[in-house]
Amino acid sequence: AVVSTQSTGYFRMMTVFEKDEEDCMTVIWEKTESLLTRYRKKIEMALESPNECYAGKIYGWCDLFFIVFSVFAMILETNPVIKPLIEAEGSIEAQISAIAETTTVAFFTFDIILRLSVTDNRISFIRHPATLLDIVTIAPFY
């Protein structure tokens with residue numbers, strides 16, 4: 001099934017691997033550009049247009065997985081049956097909860113740092129509401 005790409009500003013919806021696509025990691029660049037600039041452009045293309053290459057799709061699906069996983073973990077942690085188990089010091093449930101939280105915060109921190117490092121306009125990126133929400137979400141962990 002062919003599904004079109006829909007873009008709503010900052011957020012992009014991904015399609016399924018429905019066609020043979022050029023890999024975004026084969027971006028054409030100027031010979032005068034440094035190696036770092038070339039890789040920055042490749043990563044930026046993969047992050048901003050996830051439907052254009054496999055690397056972008058894989059990263060987009062990982063991002064989606066961690067978002068869903070984080071929401072699911074938060075729902076479980078507020079369940080009245082499970083909450084006392086998680087709050088019990090040294091319990092396996094508390095350890096699993098801590099590992100889940102650490103893993104998701106680490107991924108979202110990596111995501112923010114990666115996007116910040118490849119964007120052309122850092123001030124605009126930081127001021128974007130979605131970025132501010134991401135920062136506010138992970139800040140209490142640190």
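**Close-up 1. Six residues make one aromatic cluster in this predicted model.** The members are Y59, F65, F66, F69, F107 and F108. Across the structure there are six aromatic pairs. Two pairs are shown in the next views, F66 with F107 and F107 with F108.

**Close-up 2. F66 and F107 stack.** Their ring centres lie 4.4 Å apart, with 15 degrees between the planes. The contact joins distant parts of the chain. F66 belongs to helix 2 (residues 54-77), F107 to helix 4 (residues 92-118). In sequence they are 41 residues apart. F66 has a relative accessible area of 15%, so it counts as buried under the 20% cut-off. F107 is buried too, at 11%.

**Close-up 3. F107 also pairs edge-to-face with F108.** Here the centre-to-centre distance is 5.8 Å. The planes meet at 70 degrees. Both F107 and F108 are buried.

**Close-up 4. Helix 6 has a buried side and an exposed side.** The helix spans residues 129-138. Its buried residues are A130, T131 and I138. These three cover an arc of only 100 degrees around the axis, and therefore sit on the same side of helix 6. P129, L133 and V136 lie on the other side, where they are exposed. In general, an α-helix has 3.6 residues a turn, so residues three or four places apart point the same way.

Conventions:
Residues numbered from 1 in each chain as written. Predicted model: local features only at pLDDT ≥ 70, side-chain atom pairs only at ≥ 80, totals over all residues. Heavy atoms only, no water. Buried < 20%, exposed > 50% of the residue type's maximum accessible area, 1.4 Å probe, protein only. Helix = DSSP H or I, 4+ residues; strand = E, 2+ residues; numbered from the N terminus. Arc of directions from axis to C-beta. Phe/Tyr/Trp six-rings, centres within 6.5 Å; stacked < 30°, edge-to-face > 60°.
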